[in-house]
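Good morning, colleagues. Please take a moment to look at the sequence and the structure on the screen before I begin.

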Amino acid sequence: MTTVDRTPPVAPTPTYASALEYDRDDVVGRDAHAVMERLVRLYQDSGTDQAEEQWREPVRNYSDPQRFRDELDAVHRRVPLPLAMSCELPGPGTYKAIQVADTPVLITRDAHGVIHASVNACRHRGNELLAEGVGRAKRIVCSYHAWSYDLAGCLLGVAGEKTFGPVDRDRTGLVRLPAEERAGIIFVGLTPGRPLNLDSWLGDLEPLLAGLGLASCHHFSTRELPGPNWKVTVDGYLEGYHFASLHPTTVFKTNLSNIAAFDSWGPHQRNAFALRPIAEAVTQPPEARDPTACVGAIFWLFPGLAISGGWRQHVAVSLVLPGRTVEESRTQQVILLRHPPADDDERKTADTTRDWFHDVVLDEDYATGFGVQRGLAALGGTDFVFGRNEPGVQHFHRVVKGLLAEAVTDGPQ
Ligand code: FES
Ligand SMILES: [Fe+2]
């Protein structure tokens, strides 16, 4: 057996610097202080927010290929998917191309700054138009036979049209997908023509999301992480029960384990974990306590966007997407800063944040997720059990179950 000697990554403590610009009486300030006071009480009682009951989830729901296809239809093809941060497309003439399960998506920001989304496939014979990633483009030219499109997806030019024959521009634009940006996040629907209805989808969460100030952030880096089944991956983001056991030399250095305040807004949720400075804060009067020092809040936009550090200078956003099969997911880990690094020191600090999140999530969380994946087939007839202290995991599975039932009632798109 080989032993790997790893030096634990250095925790990015400078990111604790507060970026919250709020009035204590505005919606964000009231919320941040209220969740901190709840955490103070939980800390004093050695408690954590709990669900009413335990939850049993058949293991087959993580491994059955038909179930996976049903989830894609009922979840990913029906709900607004957060697929990009606004600052990944930082101005007119920018794009992000991203594969979501079996759909290649192209998000563009046109010359007026307006967001569009299309299927990233040429209408001539289907060539992928732009390789995955972010970049700049004035127009989109297919590399196969040089058809060209504008950033709203309209067909501009057909090479050699005199010999090709006439092409109806109105009917041969890119296949458009609904898209809209809110609070610094770009949402896309995978079903053409199906409205996003973001007002009702985000509900009362929207002002809190807007308060994170993501819309004015700077995109520092993106790293891609391969993962196991998408729900195996997601489950790891939604509880802090594992911090002491799985992350003894990393996350547990800064976060307490199994002490979290849980909130949900429709399908979305937030798990607010107690950070170690809370031990000091409980001895202080409430007005002296700082939520950015005491609370590690992870906002979770269903079905797969974790926003960590949203009240601080550095924000780590994890976009978890299903892969092409039931056994695969992919995660884009995006680091946002409040402003571009001003000098080498700021750049190094941001590098540390980026490397810390990458190493901890890949080497500890996802390494564990792949371990879960290896046992799924052999556990086929059994259930997993989610504890009362894992309300976030329960909520996520309850939402998935509800959407599957809704899709059966509504029928196919
Ligand atoms: S496939 Fe795009 S121009 Fe032919
Ligand atoms: Fe973890």
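**A buried histidine and an iron site**

A polar contact of 3.1 Å links the side chain of histidine 116 to that of arginine 176. Please keep in mind that this is a predicted model.

Histidine 116 also has a second side-chain partner: aspartate 110, with a polar contact of 2.8 Å. Where in the fold is histidine 116? It belongs to strand S5, which spans residues 115–119. Its relative accessibility is 10%, and because buried means under 20%, histidine 116 counts as buried. Beyond its neighbours within four places in sequence, histidine 116 is in contact with eight residues, among them Leu106, Ile107, Leu151 and Ala179.

I turn now to the metal. Which residues coordinate the iron ion (ligand 2)? The donors are His242 and His247, each through NE2, and Asp365 through OD, at 2.0 to 2.2 Å. The spacing of these donor residues in sequence is H-x4-H-x117-D. Histidine 242 sits in the loop between helix H7 (230–235) and helix H8 (243–246), whereas aspartate 365 is in helix H12 (residues 344–376), so the pair ties together parts that are 123 residues apart in sequence. Histidine 242 and aspartate 365 are both buried.

Finally, a word on confidence. The average pLDDT of the chain is 93, and 93% of the residues score at least 70. Over residues 1–6, however, pLDDT stays under 50, and the model has two contacts beyond four places in sequence for that stretch. Residues 12–16 also have a pLDDT below 50, with twelve contacts beyond near neighbours in sequence. Where pLDDT is low, the predicted coordinates should not be read in detail.

Conventions
Residues numbered from 1 in each chain as written. Chains lettered and ligands numbered in written order. Predicted model: local features only at pLDDT ≥ 70, side-chain atom pairs only at ≥ 80, totals over all residues. Heavy atoms only, no water. Helix = DSSP H or I, 4+ residues; strand = E, 2+ residues; numbered from the N terminus. Buried < 20%, exposed > 50% of the residue type's maximum accessible area, 1.4 Å probe, protein only. Polar contact = N/O pair within 3.5 Å; in protein donor to acceptor, adjacent residues only side chain to side chain. Contact = heavy atoms within 4.5 Å. Donors = N, O, S within 2.8 Å, 3.2 Å for Na, K, Ca; no water. pLDDT = per-residue confidence, 0-100.
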